[in-house]
Amino acid sequence: MSLADSLSSLRAESLSAIAMLSSEEWLVDYRNEILGKNGKLTEILKGLKSLSDEEKRGVGKHANEIRDELSAAFDDRKTRIELADIERAIASEYADVTIPYSRTDGSHVHPLARVRDEIEDVFVRMGFRVYESDEVTTEYANFDAVNVPATHPARDMQDTFWLEGSGNVLATQTSCMQNHILRTNTPPIRAIIPGRVFRNEAIDATHENTFYQVEGMVVDRGIHIGHLKYTLETMLSEIFGKPVRTRMRPGFFPFVEPGVEVDSSCPFCDGVGCRICKQSGWIELVPAGLIHPNVLREGGIDPEVYSGFAFGLGMNRLAMLKYGVDNIRLFLDPDIDFLRQF
Ligand code: DAH
């Protein structure tokens, strides 16, 4: 067989073998066998010696082309094997995180987490987007941006943990997110912001220094107090698992005008009067109102064009009512007997 023929058959043989190799190790071995220092190609080229200069040039050129072609074929095969490995790993390690899990291990969902999940669920179905609240925030976001300037007496309503030297505070209210939401969205805005908040409280059965709120905000053209009432009534009915009514009384919060206290008809006696609602038939539950023009303006939104409502729901209080918990301190207590009930 001539040198040229040997080269051609090495080429054909190698190309079909490469196409069949399915592991990187085999590929490395085979590459050595063909293109390595003592490989078959080198072996064939040893025959060059006996050729004339002109023949050497022709065969040498052919040999270089074959080396390049085989090299490329090895590289290409390597990439394919790597991709196949990745695909196999993805297929075999795939986990469907949307499958509902069953709690067969005796573990429990904390009552606050449960209430938060339910609240998020209702609001997401109504087209709201869920944001997470900052736990460390700025004095500006927590107070100034929501219409509570430094000299405003309402600062005294929230006994704040100040962080030394930074001008930052532990969020005293999820309202601290309002400015951020307004600045980073264009109306229509529908957002809820669950989060943990902190106040320097004297602790008793209904006051903690750490508790949970859900802020809600809707901003669009023509938003009025009726939208607020409908939204809260829908949410509360879902959470209590039965239709409830709401009523509104005036309430003062610097970030809303008018501000209201929204009472729910007592879900335990359906408004007749019982121990839980102190015989009144109503339970004070959600402070709310129409967003103050100053707050919209500070968030870059024109109050002449848009209006909105906001509310700030206390999740601890809601969970206490829903699950009949009579001491707020239990939520932060690692008391297994308490937690096992949920
Ligand atoms: N941020 C208030 C608080 O922590 C609760 C609140 C009241 C939030 C009225 C609101 C609102 O958005 O409109 O006491």
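A polar side-chain atom of Ser175 sits 2.8 Å from a nitrogen atom of the ligand. That is a good place to start reading this predicted model. Gln173 does something similar, with a polar side-chain atom 2.6 Å from a ligand nitrogen atom. Phe311 joins in through its backbone instead: one of its N or O atoms lies 3.3 Å from an oxygen atom of the ligand. How much of the ligand does the protein bury? On its own the ligand exposes 360 Å², and 93% of that is buried by the protein.

Three strands give two or more residues each to the shell around the ligand: β5 (210-220), β8 (282-291) and β9 (307-314). There are 16 residues around the ligand, and the ones that come nearest are Gln173, Ser175, Arg199, Gln213 and Glu215. By class, the shell splits into seven nonpolar, seven polar and two charged residues.

**Helix packing**

Now for the helices. Two packed helices are described by the angle between their axes and by the distance between those axes. Here are three pairs to look at.

| Helix pair | Angle between axes | Distance between axes |
|---|---|---|
| α1 (residues 3-20) and α2 (residues 24-35) | about 175° | 11 Å |
| α8 (residues 225-240) and α10 (residues 315-323) | about 45° | 11 Å |
| α5 (residues 111-125) and α10 | about 100° | 9 Å |

Take α1 and α2, which pack at about 175°. Because of that angle, α1 is roughly antiparallel to α2. On the α1 side the contact uses Leu10, Glu13, Ser14, Ala17 and Ile18, while α2 brings Leu27, Tyr30 and Ile34. Sorted by class, the residues of this contact are six nonpolar, one polar and one charged.

Next up are α8 and α10, at an angle of about 45°. So α8 is oblique to α10. Leu236, Ile239 and Phe240 of α8 meet Leu318, Leu321 and Lys322 of α10. This contact has five nonpolar residues, one charged and no polar ones.

Helix α10 also packs against α5, with an angle of about 100° and axes 9 Å apart. How do α5 and α10 lie, therefore, relative to each other? They are roughly perpendicular, because of that angle. From α5 come Pro111, Leu112, Arg114, Val115, Arg116, Glu118 and Ile119. Facing them, α10 supplies Met315, Asn316, Leu318, Ala319, Lys322 and Tyr323. The tally for this contact is eight nonpolar, one polar and four charged residues. Leu318 and Lys322 of α10 turn up here, and they are also listed in the contact with α8.

**Backbone details**

A few spots in the backbone deserve a look as well. The peptide bond running from Pro187 to Pro188 is cis, its omega being near 0°. Where is Pro188 found? Pro188 is in the loop between α7 (178-184) and β4 (189-198). Another cis peptide bond links Glu257 to Pro258, again with omega about 0°. This time the proline is in a strand, as Pro258 belongs to β7 (residues 256-265).

Then there's Asn147, which is not a glycine but still has a positive phi of about 70°. Look for Asn147 in the loop between α6 (139-142) and β3 (168-170).

Conventions. Residues numbered from 1 in each chain as written. Predicted model: local features only at pLDDT ≥ 70, side-chain atom pairs only at ≥ 80, totals over all residues. Heavy atoms only, no water. Near = heavy atom within 4 Å. Polar contact = N/O pair within 3.5 Å; in protein donor to acceptor, adjacent residues only side chain to side chain. Areas by Shrake-Rupley, 256 points an atom, 1.4 Å probe, with all protein chains shown as cover. Helix = DSSP H or I, 4+ residues; strand = E, 2+ residues; numbered from the N terminus. Nonpolar A, V, L, I, M, F, W, Y, C, P; charged D, E, K, R; others polar. Axes fitted to C-alpha atoms, helices over the stretch in contact; angles between N-to-C directions. Parallel < 35°, antiparallel > 145°, perpendicular 65-115°, else oblique. Contact = heavy atoms within 4.5 Å.
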